[in-house]
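Student: I would like a close look at a single part of this protein, with its surroundings worked out with care. Could you take me through the packing of the helices towards the end of the chain, and then place that part in the rest of the model?

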Amino acid sequence: MDLHYSDAEQRYRMEVRELLARLLGPDWHGFGALSEGERATFRSEWRATLLEHGLLAPGWPAEYGGGGLTLIEQSIVTEELAEAGAPQFPTANDANGMVLLGPTLMHYGSAAQKAFFLPRTLSGEITWAQGYSEPEAGSDLFNVRTRAVRQGDSWIINGQKIWQTAGLSANWLFALVRTDPALPGGKGLSFMLLPIDQPGVTVRGIKNMAGETEFAEVFLTDAVASDEHVVGGIGNGAQVALGLLGFERGAGGLAAAAAARIEVERLIELARATGGARDRGLRRRIARCRADVHVLRCLALRSLSAGVSGDPPGPESSVTKMFMSLYRQRVTELALDLLGRSALSLDGPGAVAALGPQPRGLDAASATAWVDDALHARPGTVYGGSLQIQRNTLAERVLGLPREPRQLPVHKEPRQEERNAV
C-alpha cells in the first residue's frame, strides 16, 4: 500500500488549486458565505464552468464528455474543491448521475444506452433518482416487490419506491424491479430506466424532522419502461445494482475527510465564541473530533490505495460508513453542548449541505445551521446500510464469526397490484 503522491500528482494538485482560485476569484470566501439567492445563481454558473473544464465528471472518459482522469487525479480534484469550499455537484441530482448511473452505464450499458443517456446526463437534460428502497424492506436491498411485466417491447411496472434522494427534482428513475416473481431474493430482478414524467408515476416528498423534503417516494401504477432501457439484461439486476453501489464508493473519501476537518475548524471557532474553549471537558471532546478526522483521512487513503491497485472494495467501506455516521452524531452533539441555551433560539443562516459537513464560509456561530446538522446526523446510522448491517458485515466477512441466525421470511398477503398482475 503506497500512501504517497508522486511528483506528477503533486504538480497536478497545484494546477487544480490554481485553476480553482482563478475561476472563483479573489473575493471568494466559500459557498457557505453566499446568501440563499446568490447560491441559486452560482449553482447554475458553476455547473457550466465545471463542465467546460472537464471537472463535472472528472472520472468519465473524454469520449463521453468527462475529464478522463485517473482515480488519484479524481481524488485530488474532489479534495481541492472541498478545500476551496466550492460544490463538486452543483445541482441536487448531479451525484446520482455522475457518480452512480454514469459509471454503471459505461460498465453494463449497451452502446445505444450510453449514446442516449450519458450526454444528456452531463448536460443536465436528464436528472436521476435512485429507485432501490421499498417500504417494509428494511435494509435488504433485494427485498423488492415492485413488479414489471413484459408487454410487447415494453415493461409495465407496478409498485412503490421510497427514500429517493432529490427525487422531487429528478425526471428519470433507475430502479430495481422484479421481472420473475417465481425467483426469490436477488434472483429474478432487473435494472430498468424509466421517465418519471409519464402517466402512472406519482412522486411525493417526504418531510424530515428538519422540515425539509430532501427525500421522496414514488408510486408506480402501470408505468412503462422500454425494453431498450433494461441495463445489463433481464434477470441481472442484482449484479448491476451491486456494481452501482461499488461505484458509489468512488474517489470522494479524502474530500469527505477534508470537509470534516473544515467543520472542526468551524467548531473551534464556535468554542472560542461561546467560551466553551475554556472548559477542559469540551476541549477534550474537540480534540477527539480532530483525531477522528485524522482516522477518516487514513481510511480514505487506504481505500484510495486499494482502488489504484485494482483491488475490490474491502471491509474499510463498512468501517468508514459506521465510523462516519457515529462521528457525525458526536460532532453535532458537541456543537449543541457548546451552544447551550442558544441552540433554542435558532439564530443565523441555516445549513447549506443536507447530509454532511457545511461548506467553507458558513457562519460558525449560526445556531440554526448546527441544529440542522444535528437533526440530519440522527438518521445517519440507518440510511445507506444501517449500523447493524455494517457490524454484521464486519463480524461475518472480516472476523469470520458465525452468521447471525436469520429470521425466516413471514408470509404476507400480496398487494392489490400484485394480484392484478397475476
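Tutor: What follows begins with one pair of packed helices and then moves outward to other parts of the chain. The model is a predicted one, and the values below should be read in that light.

Two packed helices are described by the angle between their axes and the distance between the axes. For helix H9, which spans residues 316-339, and helix H11, which spans residues 387-398, the angle is about 145° and the axes are 9 Å apart. The crossing of H9 and H11 is left-handed. On the H9 side the contact is made by Ser318, Val319, Lys321, Met322, Ser325 and Leu326, and on the H11 side by Leu387, Gln390, Arg391, Thr393 and Leu394. Sorted by class, the residues in this contact are 5 nonpolar, 4 polar and 2 charged. An α-helix has 3.6 residues a turn, so residues three or four places apart point the same way. That spacing is worth keeping in mind when you look along the two lists of contact residues.

One residue of this contact deserves a closer look, namely glutamine 390, which is found in helix H11. Glutamine 390 counts as buried because its relative accessibility is 8%, and the cut-off for buried is under 20%. Leaving aside neighbours within four places in sequence, glutamine 390 is in contact with Ser318, Lys321 and Met322, each of which also belongs to the H9 side of the helix contact. Glutamine 390 is in contact with Gly384 and Gly385 as well.

Helix H9 also takes part in the surroundings of helix H10, which covers residues 367-377. Of the 11 residues of H10, 10 are buried, so this helix is largely enclosed by the rest of the structure. The buried residues are Ala367, Thr368, Ala369, Trp370, Val371, Asp372, Asp373, Ala374, His376 and Ala377, and they pack against H9 and against helix H7, which runs over residues 253-274.

Helix H7 in turn holds alanine 258, which is buried with a relative accessible area of 4%. Not counting neighbours within four places in sequence, alanine 258 is in contact with Glu79, Ala82 and Glu83. By contrast with those contacts, alanine 111 is 147 residues away from alanine 258 in sequence and 37 Å away in space, taken from C-alpha to C-alpha.

The loops on either side of this part can be added to the picture. Most residues other than glycine have a negative phi, and most peptide bonds are trans. Leucine 346, in the loop between H9 and H10, has a positive phi of about 50° although it is not a glycine. Leucine 346 counts as partly exposed, at 47% relative accessibility. Beyond H11, glycine 400 has its place in the loop between H11 and helix H12, the latter being residues 416-421. Glycine 400 is exposed, with a relative accessible area of 54%, and its C-alpha atom is separated by 41 Å from that of threonine 127, which is 273 residues away along the chain.

Threonine 127 leads to another region of the model, where it is touched by asparagine 93. Asparagine 93 is found in the loop between helix H3 (71-84) and helix H4 (94-108), and asparagine 93 is buried, with a relative accessible area of 5%. Besides Thr127, and not counting residues up to four places away in sequence, asparagine 93 touches Trp128, Ala166, Ser169 and Ala170. Of these, alanine 166 has a positive phi of about 55° although it is not a glycine. Alanine 166 lies in the loop between strand E3 (154-165) and strand E4 (172-178) and is buried, with a relative accessible area of 8%.

To place these regions in the whole chain, the domain assignment gives domain 1 as 7-90, domain 2 as 127-233 and domain 3 as 249-399. The C-alpha centres of domain 1 and domain 2 lie 32 Å apart. In an unreviewed UniProt entry, residues 7-125 carry the annotation "domain: Acyl-CoA dehydrogenase/oxidase N-terminal"; over residues 7-125 the chain is 65% helix and 0% strand, with the end C-alpha atoms 39 Å apart. The unreviewed entry also gives "domain: Acyl-CoA oxidase/dehydrogenase middle" for residues 129-219, and over residues 129-219 the chain is 0% helix and 49% strand, with the end C-alpha atoms 13 Å apart.

Technical notes: Residues are numbered from 1 along each chain as its sequence is written. This is a predicted model: local features need pLDDT of at least 70, side-chain atom pairs count only at pLDDT 80 or more; totals for chains, interfaces and linings use all residues. Side-chain values use heavy atoms; hydrogens and water are left out. UniProt positions are given in the numbering used here, feature names are shortened, and annotations may be inferred rather than shown by experiment. Helices (H or I, at least four residues) and strands (E, at least two) are DSSP runs, numbered from the N terminus. Axes are lines fitted to C-alpha atoms, for helices over the stretch in contact, and angles run from 0 to 180 degrees between N-to-C directions. A crossing is left-handed if the near helix is turned anticlockwise from the far one by less than a right angle, and right-handed if clockwise. Contact means heavy atoms within 4.5 Å. Ala, Val, Leu, Ile, Met, Phe, Trp, Tyr, Cys and Pro count as nonpolar, Asp, Glu, Lys and Arg as charged, and the others, Gly among them, as polar. Domain bounds come from an automatic or database domain assignment. Buried means under 20% relative accessible area, exposed over 50%, partly exposed in between (1.4 Å probe, protein chains only).
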